[in-house]
Amino acid sequence: MCNSLYRRLAQRLDARVEVATDTNFIEGILVRVTPKLLIIDGTDGYGYGPDTSQFIDTKAVNHVRFL
């Protein structure tokens with residue numbers, strides 16, 4: 001991950017985000033960022049059921065959007 005993107009994401013912890021990869025679309029709260037990993041407490045989008053943590057390899061990230 002580019003250092004500037006890593007620093008920017010690290011400054012936005014606890015922000016609501018959408019992350020897109022080639023095969024997935026994850027929405028939730030950004031809880032941790034490392035140079036190799038994003039951790040998002042995901043939601044199902046409907047407010048039902050338990051939330052789950054998503055571990056995303058930063059090499060797989062195509063797009064990050066802050067909500």
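This report describes the fold, the sheet, the core and a few single residues of one protein chain. The model is predicted.

**Overall make-up**

The chain contains one helix and five strands. Following the sequence from its start, these elements come in the pattern α-β-β-β-β-β. Of the 67 residues in the chain, 28% are buried. The accessible surface amounts to about 4,700 Å², and carbon and sulfur atoms account for 49% of that surface. Among the contacts in the chain with a separation of 6 or more, 36% are made by residues 24 or more positions apart.

**The sheet and the helix**

The five strands form an open sheet in the order E4-E3-E2-E1-E5, and their pairing is antiparallel. Strand E4 (52-57) and E5 are the edge strands, each pairing on one side only. From one strand to the next, the twist averages 40°. Strands of a sheet can pair through backbone hydrogen bonds in either a parallel or an antiparallel way.

One of the pairings can be followed residue by residue. E2 and strand E3 (residues 37-42) run antiparallel and are joined by six bridges. Gly28 has Gly42 in E3 as its bridge partner.

Helix H1 (residues 3-11) lies across E2, E3 and E5. The helix runs at about 100° to E2.

**The nonpolar core**

The largest nonpolar core consists of 10 residues: Leu9, Val17, Val19, Ile26, Leu30, Val33, Leu38, Ile40, Ile56 and Val61. At least two residues of this core come from each of E1, E2 and E3. E2 gives the largest share, with three residues.

Ile26 is one of the core residues. With residues up to four places away in sequence not counted, Ile26 touches Val17, Glu18, Val19, Ile40, Gln54 and Ile56. Among these contacts of Ile26 is Glu18, a residue that returns in the next section.

**Salt bridges**

Side chains of opposite charge can pair when their charged atoms come close. The structure holds two salt bridges, set out in the table below.

| Pair | N to O distance | Locations | Separation in sequence |
|---|---|---|---|
| Arg16 and Glu27 | 3.0 Å | strand E1 (residues 16-20) and strand E2 (residues 25-34) | 11 residues |
| Arg65 and Glu18 | 3.1 Å | strand E5 (residues 63-66) and strand E1 | 47 residues |

In the pair of Arg16 and Glu27, the side chains meet with N and O 3.0 Å apart. The pair links distant parts of the chain, with Arg16 in strand E1 and Glu27 in strand E2. Arg16 is partly exposed, at 33% relative accessibility. Glu27 is also partly exposed, with a relative accessible area of 23%.

In the pair of Arg65 and Glu18, the closest N and O atoms are 3.1 Å apart. This pair too links distant parts of the chain, from strand E5 to strand E1. Is each partner buried, partly exposed or exposed? Arg65 is partly exposed, with a relative accessible area of 44%. Glu18 counts as buried because its relative accessibility is 13%, and the cut-off for buried is under 20%.

Glu18 is found in strand E1. Apart from neighbours within four places in sequence, Glu18 is in contact with Phe25, Ile26, Glu27, His63, Val64, Arg65 and Leu67. Its salt-bridge partner Arg65 is therefore in this list.

**Two loop residues**

Asp14 lies in the loop between H1 and E1. Asp14 has a positive phi of about 70°, although it is not a glycine. Asp14 is exposed, with a relative accessible area of 61%.

Thr21 sits in the loop between E1 and E2. Is Thr21 buried or exposed? Thr21 counts as buried, at 14% relative accessibility. When neighbours within four places in sequence are left aside, Thr21 is in contact with Ile56, Ala60, Val61 and Asn62. Among these contacts, Ile56 and Val61 are also listed in the largest nonpolar core.

Technical notes:
Residues numbered from 1 in each chain as written. Predicted model: local features only at pLDDT ≥ 70, side-chain atom pairs only at ≥ 80, totals over all residues. Heavy atoms only, no water. Salt bridge = Lys/Arg side-chain N within 4 Å of Asp/Glu carboxyl O. Helix = DSSP H or I, 4+ residues; strand = E, 2+ residues; numbered from the N terminus. Buried < 20%, exposed > 50% of the residue type's maximum accessible area, 1.4 Å probe, protein only. Pairing = 2+ DSSP bridges. Axes fitted to C-alpha atoms, helices over the stretch in contact; angles between N-to-C directions. Contact = heavy atoms within 4.5 Å. Core = buried A, V, L, I, M, F, W, Y, C linked by side-chain atoms within 4.5 Å. Areas by Shrake-Rupley, 256 points an atom, 1.4 Å probe, with all protein chains shown as cover.
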